[in-house]
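I opened this model to see how the chain is put together. These are my notes from the session, in the order I looked things up.

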Amino acid sequence: MGFPIGSGEMRHRTRGCGFTLIELLVVMAIIAMLLSLAVPRYFNSVENSRETLLRQNLSLTRHVLDQYYGDKGKYPESLEALVAGKYLRSLPFDPLTDSNSSWIIVPPDTPEKGGVFDIHSGAPGNARNGSPFKEW
């Protein structure tokens with residue numbers, strides 16, 4: 001037939017239909033705490049991977065410059081000459097400046113040896129170890 005108005009069964013039925021504000025706040029606090037632990041680690045790993053990629057690109061390009069010098073007896077006039085000579089598929093990418101045209105070109109000690117002896121990153125600022133990117 002029905003339940004009397006004062007019955008505990010009726011109160012139990014209407015109360016179990018959702019979450020309370022306290023429960024939602026507790027869940028949101030737990031999520032915020034987990035994010036506060038994860039987000040700094042994520043950004044540190046992104047910076048670390050950019051620095052690692054920059055080191056690899058510099059090392060590879062310097063190795064290719066040495067190969068070019070060994071083959072031709074002089075350094076290339078530009079980085080584009082490495083691509084034209086099929087020493088590289090494309091110009092190296094600087095992950096800190098998001099560009100392949102921001103490299104700082106270091107010429108050899110005498111102009112007769114070519115135009116590109118070494119390259120450095122054109123990124124401003126310092127690495128995580130404190131050294132300036134322009135000195136890498």
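My entries below go from the overall layout to single residues.

**Layout**

I kept in mind throughout that this is a predicted model. I counted 3 helices and 2 strands in the chain. Reading from the N terminus, I get the order α-α-α-β-β. The chain has 136 residues, and 25% of them count as buried. I put the accessible surface at about 9,800 Å², with 60% of that belonging to carbon and sulfur atoms. I also looked at contacts with a separation of 6 or more: 47% of these join residues 24 or more positions apart.

**Helix α2**

Does the length of α2 agree or disagree with its residue count? I took 1.5 Å a residue for its 52 residues, which gives an expected span of 76 Å. The end C-alpha atoms sit 75 Å apart, so the two values agree. The helix covers residues 21-72.

Next I listed what is buried in α2: Glu51, Leu54, Asn57, Leu58, Thr61, Val64, Leu65 and Tyr68. I then asked which elements the buried residues of α2 pack against. I found α3 and β2, the latter being residues 118-120. Just past the end of α2, I noted Gly73 with a positive phi of about 85°.

**Surface patch**

I found a nonpolar patch on the surface made of Leu21, Ile22, Leu25, Val26, Met28, Ile30, Met33, Leu34 and Leu37. Together these residues have about 940 Å² of accessible area. I picked Ile30 for a closer look; this residue is in helix α2. Its relative accessibility is 44%, so I logged Ile30 as partly exposed, as the cut-off for exposed is over 50%.

**Nonpolar core**

I pulled up the largest nonpolar core, which has 18 residues. Which members touch the most others? I got Leu54, Leu79, Leu82 and Phe133. The elements giving two or more residues to this core are α2 and α3 (79-84). The largest share, 5 residues, comes from α2.

I followed Phe133 further. Setting aside neighbours within four places in sequence, I have Phe133 in contact with Glu51, Leu54, Leu96, Ser121, Ala123, Pro124, Gly125, Asn126 and Ala127. Of these partners, Glu51 and Leu54 are on my list of buried residues in α2.

**Two loop residues**

Is Pro95 buried or exposed? I found this residue in the loop between α3 and β1 (104-106). Its relative accessible area is 5%, so Pro95 is buried, the limit being under 20%. Not counting residues up to four places away in sequence, Pro95 touches Arg50, Leu53, Leu54 and Asn57. I also checked Pro95 against Thr52: they are 43 residues apart along the chain, with C-alpha atoms separated by 9.5 Å.

Then I turned to Glu77, in the loop between α2 and α3. At 53% relative accessibility, Glu77 goes down as exposed, because the cut-off is over 50%. Leaving out residues up to four places away in sequence, I see Glu77 touching Gly114, Gly115 and Val116. Val116 is 39 residues from Glu77 along the chain, and their C-alpha atoms are separated by 5.9 Å.

Conventions
Residues are numbered from 1 along each chain as its sequence is written. This is a predicted model: local features need pLDDT of at least 70, side-chain atom pairs count only at pLDDT 80 or more; totals for chains, interfaces and linings use all residues. Side-chain values use heavy atoms; hydrogens and water are left out. A nonpolar core is a set of buried Ala, Val, Leu, Ile, Met, Phe, Trp, Tyr and Cys residues joined through side-chain atoms within 4.5 Å. Buried means under 20% relative accessible area, exposed over 50%, partly exposed in between (1.4 Å probe, protein chains only). Helices (H or I, at least four residues) and strands (E, at least two) are DSSP runs, numbered from the N terminus. Contact means heavy atoms within 4.5 Å. The expected span of a helix is 1.5 Å times one less than its number of residues. Patches are made of residues with over 30% relative accessible area and no salt bridge: like charges are joined within 9 Å, nonpolar side chains (Val, Leu, Ile, Met, Phe, Trp, Tyr) within 5 Å. Accessible areas come from the Shrake-Rupley method with a 1.4 Å probe; for residues, only the protein chains shown count as cover. A salt bridge is a side-chain nitrogen of Lys or Arg within 4 Å of a carboxyl oxygen of Asp or Glu.
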